[in-house]
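Here are some short exercises to work through with the model open beside you. Try each task before you read its solution.

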Amino acid sequence: MNGAGALDQVFFYFFAALAVIGIVGVVTRRNVIHSAIFLITALLATAGIFLQLQAEFLFAVQIILYVVGIMVLFIFAIMLVHQDVSLKQLRYSRQKWVAGVLGVILVAEFWFALDKGGSLFHPGAPISGGLQPNTEQVGQALFGGYMLPFEIASVLLLVAMVGAVVMAKRRI
Amino acid sequence: MIPTTHYLYLSLALFTIGIVGVLTRRNVIVMLMSIELILNAVNINLVAFSRAYGAVAGQVFAIFIITDAAAEAAVGLGIILAFFRNRETVLADEMDLLKW
């Protein structure tokens, strides 16, 4: 049990570091394609964290939908937009210092809240086995108590699809 | 066992860097990517709480958030393509005309 716990920690901190490196890369790279590659790294690291949290279904959804689906969309959009101009221009807008200060304030605020109230979030030890079998439980919740939100989500996807087609069309 | 607060700290880091990315970058595509990362940070929170409380609802809502992210990416990139076709730019501070 002790060895398994240590492995758990190694996994978590490895994927957490990878996610933070990935997102810093997204924000700082000049080339948008490099940002997209770093975004893929961060999303895959998040998928690893989902796996470490024993949410296997969400792990698969994250990889299939985010890393494959949404990133292909992003890379298509990047390739359709001319890169060579934006490479020579400034990366950051003029309010970057204001944004940096706001970010520091946000971190301080949340850090204080987590430091003071973090114990409230943790009523007891987490259940040891996780929510197993994961896919069946998620499926039963989706098609049981959350049937209406599920259907609304499908309508939302339909609307988004129509909207994307209308937006990207040359002449309506 | 990793305490739940560690997941929250990770999520805080991702969220804040995403916010700073949205506020500072000029390229709208990178801003959209940062928004995806903000949604991702929320998902980490939801799944961590789902694990801590042993309730499956957190994972269900994470799925809904992923769905929203997909819809947002599709519509957002469509708008960016339409804008680029008209104005030849993807920089946020040059998008200052309502009509041209």
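**Exercise 1.** Find how many residues of domain 1 of chain A are in contact with domain 2 of chain A, and describe them by class.

*Solution.* Start with the bounds, which come from an automatic or database domain assignment: domain 1 covers 1-92 and domain 2 covers 130-172. This is a predicted model, in which local features need pLDDT of at least 70 and side-chain atom pairs pLDDT 80 or more, while totals for chains, interfaces and linings use all residues. Residues are numbered from 1 along each chain as its sequence is written, and chains are lettered from A and ligands numbered from 1 in the order in which they are written.

Next, count contacts (C-beta atoms, placed from the backbone, within 7 Å): four residues of domain 1 meet five of domain 2. On the domain 1 side, two are nonpolar, one is polar and one is charged. Finally, the C-alpha centres of the two domains lie 22 Å apart.

**Exercise 2.** Identify the residues with the most contacts inside the largest nonpolar core, and the helix that gives this core its largest share.

*Solution.* Join buried Ala, Val, Leu, Ile, Met, Phe, Trp, Tyr and Cys residues through C-beta atoms within 7 Å, where buried means 20 or more other C-beta atoms within 10 Å. The largest such core has 66 residues, and Val26(A), Ala42(A), Ile29(B) and Val47(B) have the most contacts inside it. Helix 2 of chain B supplies the largest share, 13 residues. Each domain of chain A gives this core at least three residues.

**Exercise 3.** List the chain A residues in contact with Val47(B), leaving aside neighbours within four places in sequence.

*Solution.* From chain A, they are Phe50(A), Leu53(A), Ala55(A) and Leu58(A).

How values were computed: Contact = placed C-beta atoms within 7 Å. Nonpolar A, V, L, I, M, F, W, Y, C, P; charged D, E, K, R; others polar. Buried ≥ 20, exposed ≤ 12 C-beta atoms within 10 Å, placed from the backbone. Helix = DSSP H or I, 4+ residues; strand = E, 2+ residues; numbered from the N terminus.
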